[in-house]
Amino acid sequence: MAKVLIEAPVFTIEAAMLAAEYGIDRLELCSDFAEGGETPSVGALAFLKEKLGIPIFVMIRPRGGDFIYSPEELYVMKKDIAILKSLGADGFVFGILKPDGNVDKESCKYLLKAAEDLPCTFHRAFDICKDKEKALEDIIDCGFKRILTSGGENDVGNGISNILHWMDLVKDKIIIMPGGGLKPEHMPLLNSNVNLKEIHASCKSFRPSETEYRHPAVSLSKESESFYQVLSVDQKTVKQFRDQLQ
């Protein structure tokens with residue numbers, strides 16, 4: 001039985017370094033955790049490619065909000081792919097939709113062409129598509145290598161039956177990668193499907209800020225405490241996923 005690959009989304013240099021140390025197989029490098037992931041800095045990728053030996057896929061998303069992009073935004077996304085590719089990106093993660101809730105195949109192919117030979121993941125924009133089975137066909141036709149999905153629900157726990165169904169439906173045409181609220185306790189059911197090849201698990205944790213001074217009146221975030229926390233990775237959670245996949 002082939003090993004199931006674990007991908008972790010990382011939003012900080014610290015999280016990326018720890019994820020690799022703890023045994024994560026591949027990173028999805030992003031910025032802006034609060035927005036669900038945006039394109040990271042070129043400096044972050046350049047640094048991590050110097051330090052780490054595991055593959056790094058890079059999020060291509062110029063802003064938060066919906067997944068309907070203007071021609072100008074698509075051009076920026078294309079330029080980001082070219083620059084990040086030159087710095088050693090191993091793959092890219094993006095998803096583009098039409099206003100009617102279907103996959104924007106033309107725009108997706110525009111970016112896939114820019115990625116050239118590098119594998120690309122269609123992210124959880126899939127989960128808000130109107131017709132999932134049509135979206136599966138469209139994404140496969142475009143040439144994506146995998147789909148990140150929570151099963152068309154808010155999290156994997158609620159969408160797991162859909163994930164298993166889609167795995168059986170597409171078989172080896174594309175990788176269905178469960179992710180979005182994925183927990184170690186979901187693994188026994190997912191492991192029962194022979195088509196499971198990869199999972200996407202954040203394994204996130206927050207550590208306290210090292211600051212010794214807190215301004216008594218000024219808050220730079222909606223939740224005052226969140227400013228004094230740093231996003232990191234939990235070693236225990238990584239191990240729990242690893243144990244489930246043995």
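**Parallel strands, their crossovers and helix α4**

In this predicted model, strand β2 (residues 26-29) and strand β3 run parallel and are joined by three bridges; strands count as paired if DSSP finds at least two bridges between them. Helices (H or I, at least four residues) and strands (E, at least two) are DSSP runs, numbered from the N terminus. Residues are numbered from 1 along each chain as its sequence is written. Because the model is predicted, local features need pLDDT of at least 70 and side-chain atom pairs count only at pLDDT 80 or more, while totals for chains, interfaces and linings use all residues; side-chain values use heavy atoms, with hydrogens and water left out.

Across the β2-β3 pairing, Leu 27 stands opposite Ile 56 in β3. Strand β3 spans residues 56-59, with Ile 56 and Val 58 pointing one way and Phe 57 and Met 59 the other way. All of these residues are buried, that is, under 20% relative accessible area, where exposed means over 50% and partly exposed in between (1.4 Å probe, protein chains only). Together with helix α2 (residues 42-51), β2 and β3 make a right-handed β-α-β unit. A crossover is right-handed if, with the strands pointing away from the viewer, the path from the first strand over the helix to the second runs clockwise.

Strand β3 also pairs with strand β4 (residues 91-94), again in the parallel sense and over three bridges. Here Met 59 stands opposite Val 93 in β4. The chain passes from β3 to β4 through helix α3 (residues 71-86), and this β-α-β crossover is right-handed.

Helix α4 (residues 105-115) has a buried set made up of Ser 107, Cys 108, Leu 111, Leu 112, Ala 114 and Ala 115. These residues lie on the same side of α4 because they cover an arc of only 155° around the axis, the arc being that of the directions from the helix axis to the C-beta atoms. On the other side of α4, Glu 106 and Lys 113 are exposed. The packing partners of the buried residues of α4 are α3, β4, β5 (120-122) and α5. After α4 comes Glu 116, with a positive phi near 55°.

What, then, is Asp 141 in contact with, leaving aside its neighbours within four places in sequence? The contacts (heavy atoms within 4.5 Å) are with Lys 105 and Lys 109. Asp 141 sits in helix α5 (residues 132-142) and counts as partly exposed because its relative accessibility is 44%. Although Asp 141 and Lys 105 are 36 residues apart along the chain, their C-alpha atoms are separated by 8.5 Å.
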